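Dear colleague,

I am handing over the structure that you will be working with from now on. Please look through the sequence and the model first, and then read the notes below them.

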Amino acid sequence: PTGCEGYIDEALNNIDKTTSQYLKLRYFYLAFRLAHFKQQEPLKIYEKYKYLLQNDTKTIVKDWIQGIYAGALIKNGQTVNGVYEFSKLLDESKINSHLSYYNFFHIKTNEQWNELLNLAKTNEEKTKFYALRALNENSNILEELQNIYTLDKNSKWFDFVLYRELLDT
């Protein structure tokens, strides 16, 4: 095939042709990544094939897809939703956890911050958001620690921020 469109279509066709769940996921990733890079409606591809992510198999390919999905949301003007999706990568089981911090800079206003907090389904997610905000060099670490402590004094994110701050001092 010539051009990226051909490769996207070829990868999508291969999803239906293969019986291997890993290869299905890999073809999904390849088509999704290329569509995102070429700005050719990657969110439509994600919506159609996201069912492939629903099994319990752990693979880095799912993390890659999660990162591209978050980036595609941001490129599509859904900044807060994209940052929320990036925040899901900040986990000990994820290889690309740095993407959560790297992309948190998109939250620039109090309105966006409040919208992000409203997306949180649990206090665990809220404390993670405060921890991510604490990583900014201009943040007030003590205030962020207090915010986390108020929500959950036993939060792993409290320990995470405190440990990082102790390392810096």
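What follows is a description of what was found, from the overall layout to individual side chains.

Please keep in mind throughout that this is a predicted model. The protein has 10 helices and 0 strands, and from the N terminus on its elements therefore run α-α-α-α-α-α-α-α-α-α. Taken along the principal axes, the C-alpha atoms fill a box of roughly 55 × 30 × 30 Å, and of the 169 residues of the protein, 44% count as buried.

The interior is perhaps a good place to begin. The largest nonpolar core has 26 residues, and those with the most contacts inside it are Trp 113, Leu 116, Phe 129 and Val 161. Two or more residues of this core come from each of α4 (60-75), α5 (79-87), α7, α8, α9 (141-151) and α10, and it is α8 that gives the most, with 5 residues.

Helix α8 deserves a closer look. Its 12 residues should span 16 Å at 1.5 Å a residue, and the end C-alpha atoms of α8 are indeed 16 Å apart, which agrees with that expectation. Buried in α8 are Glu 125, Thr 127, Lys 128, Phe 129, Tyr 130, Ala 131, Leu 132 and Ala 134, a list that includes charged side chains such as Glu 125 and Lys 128.

The side chain of Glu 124 meets that of Lys 156 in a salt bridge, with 3.9 Å from N to O. Because Glu 124 lies in helix α8 and Lys 156 in helix α10 (residues 156-168), this pair ties together parts that are 32 residues apart in sequence. Glu 124 is partly exposed, with a relative accessible area of 36%, and Lys 156 also counts as partly exposed, at 35% relative accessibility.

The structure holds 5 salt bridges, and two others among them may be described here. Side chains of opposite charge can pair when their charged atoms come close. Glu 47 forms a salt bridge with Lys 50, the closest N and O atoms being 2.9 Å apart; Glu 47 is partly exposed, with a relative accessible area of 45%, and Lys 50 counts as partly exposed at 32%. Glu 41 and Lys 44 are joined through their side chains in a salt bridge of 3.4 Å from N to O, and Lys 44 is exposed, with a relative accessible area of 55%.

Helix α2 (residues 21-37) has 17 residues and reaches 24 Å from its first C-alpha to its last, close to the 24 Å expected at 1.5 Å a residue. The residues buried in α2 are Lys 24, Leu 25, Phe 28, Tyr 29, Ala 31, Phe 32, Ala 35 and His 36. Just after α2, Gln 39 takes a positive phi of about 55°.

Lastly, there is a pocket to mention. The second largest pocket has a volume of about 290 Å³, and of the 13 residues that line this pocket, the closest to its centre are Phe 104, Ile 107, Lys 108, Arg 133 and Asn 136. Helices α7 (110-119) and α8 (123-134) each supply at least two residues of the lining of the second largest pocket, so α8 takes part both in this lining and in the largest nonpolar core. By class, the lining of the second largest pocket has 6 nonpolar, 5 polar and 2 charged residues.

With best wishes

Conventions. Residues numbered from 1 in each chain as written. Predicted model: local features only at pLDDT ≥ 70, side-chain atom pairs only at ≥ 80, totals over all residues. Heavy atoms only, no water. 1 Å grid on protein atoms, 1.4 Å probe; cavity = no way out; pocket = protein on both sides within 12 Å on 5 of 7 lines; lining within 4 Å. Points joined across faces, edges and corners; volume = space filled by probe spheres on them. Helix = DSSP H or I, 4+ residues; strand = E, 2+ residues; numbered from the N terminus. Expected span 1.5 Å × (residues − 1). Buried < 20%, exposed > 50% of the residue type's maximum accessible area, 1.4 Å probe, protein only. Salt bridge = Lys/Arg side-chain N within 4 Å of Asp/Glu carboxyl O. Core = buried A, V, L, I, M, F, W, Y, C linked by side-chain atoms within 4.5 Å.
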